[in-house]
Every structure is written in structure tokens, then in C-alpha cells.
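Q: Please take a close look at one part of this model, the surroundings of the ligand, and then place that part in the context of the chain. A connected account would be preferred to a list.

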Amino acid sequence: MAHKIYQELAEWYPLLTLLDDYKEEADYYHEVLSKHTSQLRPTMLELGSGAGYNAYFLKEWYDVILSDLSEICWSSAGRLIQSLEHIQGDMRELRLNLTFDVVFIHDAICYMQTEGDLRKAIATAAVHCKPGGIILISPDYVKEIFKPHTNNGGEDGNGKAMRWLEWVTGPNADGTYYVDFIIALRERSQ
Ligand SMILES: C[S@@+](CC[C@H](N)C(=O)[O-])C[C@H]1O[C@@H](n2cnc3c(N)ncnc32)[C@H](O)[C@@H]1O
């Protein structure tokens, strides 16, 4: 289901979260990164960029290239960032033969469900990072502060509405956790 929302349900993606909800977070990432970058406009590769909500704000300061497994960046959800280059690819395997001042992986890192996949994603980040550059990885949760919980949200759009319930359980014995999403979609014909 998680991948459905990035593929055949991508048209609904803007109703999952609002773009403005990402501004504060993107400002924080810039604050952290700017302490360690000296370039005027550092280059940035985002792996697993989704519709690019963070990138929408980060592009004010960085020359950003987006990369994602699914086509969400090319769908209507991604229209707001059509000015940025998008490359379709799996963060476990992508090799662009380019290096960047910053390699950023936001919540998409949570899709690395095994230690092997996580290692591959980090290796991809490392080969695309310039010597002395920065890799910033920002998972939804870290082990030390993980707690099972529920969360809900959703937005009304033009003739469409979504409500979602996120149910986070675990941790499992191997350190993984589950996220179950229940998504209700309402569409009006007039
Ligand atoms: C929650 S979205 C990312 C949203 C993004 N952080 C933003 O600021 O808008 C998670 C993304 O991870 C992508 N993803 C999942 N597995 C991936 C993989 N192996 N390689 C690249 N992208 C992946 C999904 O296609 C989805 O677009």
C-alpha cells in the first residue's frame, strides 16, 4: 500500500500532507547544513525525494537534483517542482557518476527494510558525495526514542478529500517496526 500512494494514487498525494508543513523542517535542515558548507550555492542530490516537498524549500539555497524510485515526481503531485531535474532510480543501486556537496535522504530511508538495503542506500549516498561533503539522513524514527503510536491527518482538495490513519507498532525483535496506513478517499463528481 505504501508504494500505491506514490504510484497509481499519486494524484491524491497532495492531500496527504500540505507543502507548507515542510517549511519549518526544510529551514532546520538548511540551518544544520549551512554550518558545514562554505559554497555559495552547494549542489544537493536527494534520494527518495517523493513529490519534493522539502526540496521545494531547499532549492532556495541549493542546486538540487531529485531522485526517486516511483514516478511521483513526474505526476501532478510534482508539478510544483518541475523546474528541478528528476532522475528515476533506486537508492540502493543508483550510480550517476556525479558527486554533490550534499546528499540528502529524508523519510524515504524508512523504506530500507533490511540492514543490507540500508547499507546499499548509504553506499549510494557515499559514492555521490564529494570529498568533505555532507550526507544528511533524517529517518522518521530512531531506536532510542521510538514509541508505538497512531497519527492521523488528511486534507480537502478540489472535489477530492483524503483522511488517513497511521498506526505505528513495534519495535520487533530485529529492530524493525510496522507502519499500517488506512486511507479513506472521497471524490465528488460535481
Ligand atoms: C514520504 S516520500 C518522500 C517525501 C519527501 N521526503 C519530501 O520531502 O517530499 C518517500 C519516497 O521514498 C521513495 N522510495 C521508496 N523506496 C525507494 C528506493 N528504494 N529508492 C528510491 N526511492 C524510494 C518512494 O517512492 C517515495 O516517493
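A: The account below begins at the ligand and then moves to the chain and to single residues in it. The model is predicted, and every value given here is computed from it.

The shell around the ligand holds 24 residues, and those that come nearest are Tyr53, Asp68, Met91, His106 and Asp107. Sorted by class, this shell consists of 10 nonpolar, 9 polar and 5 charged residues.

Polar backbone atoms take part in the surroundings as well. In Asn54, a backbone N or O atom is 3.0 Å from an oxygen atom of the ligand. Gly52 also has a polar backbone atom by a ligand oxygen, at 3.5 Å. At Leu69 the ligand atom concerned is a nitrogen, which lies 3.3 Å from a backbone N or O atom of that residue. As for cover, the ligand on its own has 600 Å² of accessible area, and the protein covers 97% of this.

What does the chain around this site consist of? Its secondary structure amounts to 3 helices and 8 strands, and their order along the sequence is α-β-α-β-β-β-α-β-β-β-β. The radius of gyration of the chain is 17 Å, close to the 16 Å that the globule rule gives for 190 residues, so the chain is as compact as a globular protein of that length. The C-alpha trace spans about 50 × 45 × 30 Å along its principal axes. Of the 190 residues, 41% are buried. Contacts also reach across the sequence: taking those between residues at least 6 apart, 57% join residues at least 24 apart. The chain exposes about 11,100 Å², of which 50% is supplied by carbon and sulfur atoms.

Several single residues add detail, beginning with a loop position. Ser70 sits in the loop between strand 2 (63–68) and strand 3 (85–88). Is Ser70 buried or exposed? Its relative accessibility is 3%, under the 20% limit, so Ser70 counts as buried. A polar atom of the Ser70 side chain lies 3.1 Å from the backbone oxygen of Tyr6. Leaving out residues up to four places away in sequence, Ser70 touches Tyr6, Gln7 and Gln88.

Strand 3 itself contains His86. With 14% relative accessibility, His86 counts as buried, and a polar atom of its side chain is 3.0 Å from the backbone oxygen of Leu84.

A further buried position belongs to a helix. Ala125 is part of helix 3 (residues 115–127), and its relative accessible area is 0%, so Ala125 is buried. Apart from neighbours within four places in sequence, Ala125 is in contact with Leu47, Val103, Ile105 and Ile135. Between the C-alpha atoms of Ala125 and Gly89 the separation is 13 Å, with their positions 36 residues apart along the chain.

Other loop positions are exposed. Glu60, in the loop between helix 2 (53–58) and strand 2, has a relative accessible area of 56%, which is over the 50% limit, so Glu60 is exposed. The C-alpha atom of Glu60 is 12 Å from that of Ser83, a residue 23 places apart from Glu60 along the chain. Asn97 lies in the loop between strand 3 and strand 4 (100–105). Asn97 is exposed too, at a relative accessible area of 78%.

The backbone geometry deserves a note at two places. Most residues other than glycine have a negative phi, and most peptide bonds are trans. Asn97 is not a glycine, yet its phi is positive, at about 55 degrees. Gly170 and Pro171 are joined by a cis peptide bond with an omega of about 5 degrees. Pro171 belongs to the loop between strand 7 (160–169) and strand 8 (178–187).

To return to the part requested: the ligand has 97% of its accessible area covered by the protein, and backbone atoms of Gly52, Asn54 and Leu69 lie by its oxygen or nitrogen atoms.

How values were computed:
Residues are numbered from 1 along each chain as its sequence is written. This is a predicted model: local features need pLDDT of at least 70, side-chain atom pairs count only at pLDDT 80 or more; totals for chains, interfaces and linings use all residues. Side-chain values use heavy atoms; hydrogens and water are left out. A residue is near a molecule or strand if one of its heavy atoms lies within 4 Å of it. A polar contact is a pair of N or O atoms within 3.5 Å; within protein, one must be able to donate a hydrogen and the other to accept it, and residues adjacent in sequence count only if both atoms are side-chain atoms. Accessible areas come from the Shrake-Rupley method with a 1.4 Å probe; for residues, only the protein chains shown count as cover. Ala, Val, Leu, Ile, Met, Phe, Trp, Tyr, Cys and Pro count as nonpolar, Asp, Glu, Lys and Arg as charged, and the others, Gly among them, as polar. Helices (H or I, at least four residues) and strands (E, at least two) are DSSP runs, numbered from the N terminus. The radius of gyration is taken over C-alpha atoms; the globule rule is 2.2 Å times the number of residues to the power 0.38. Buried means under 20% relative accessible area, exposed over 50%, partly exposed in between (1.4 Å probe, protein chains only). Contact means heavy atoms within 4.5 Å.
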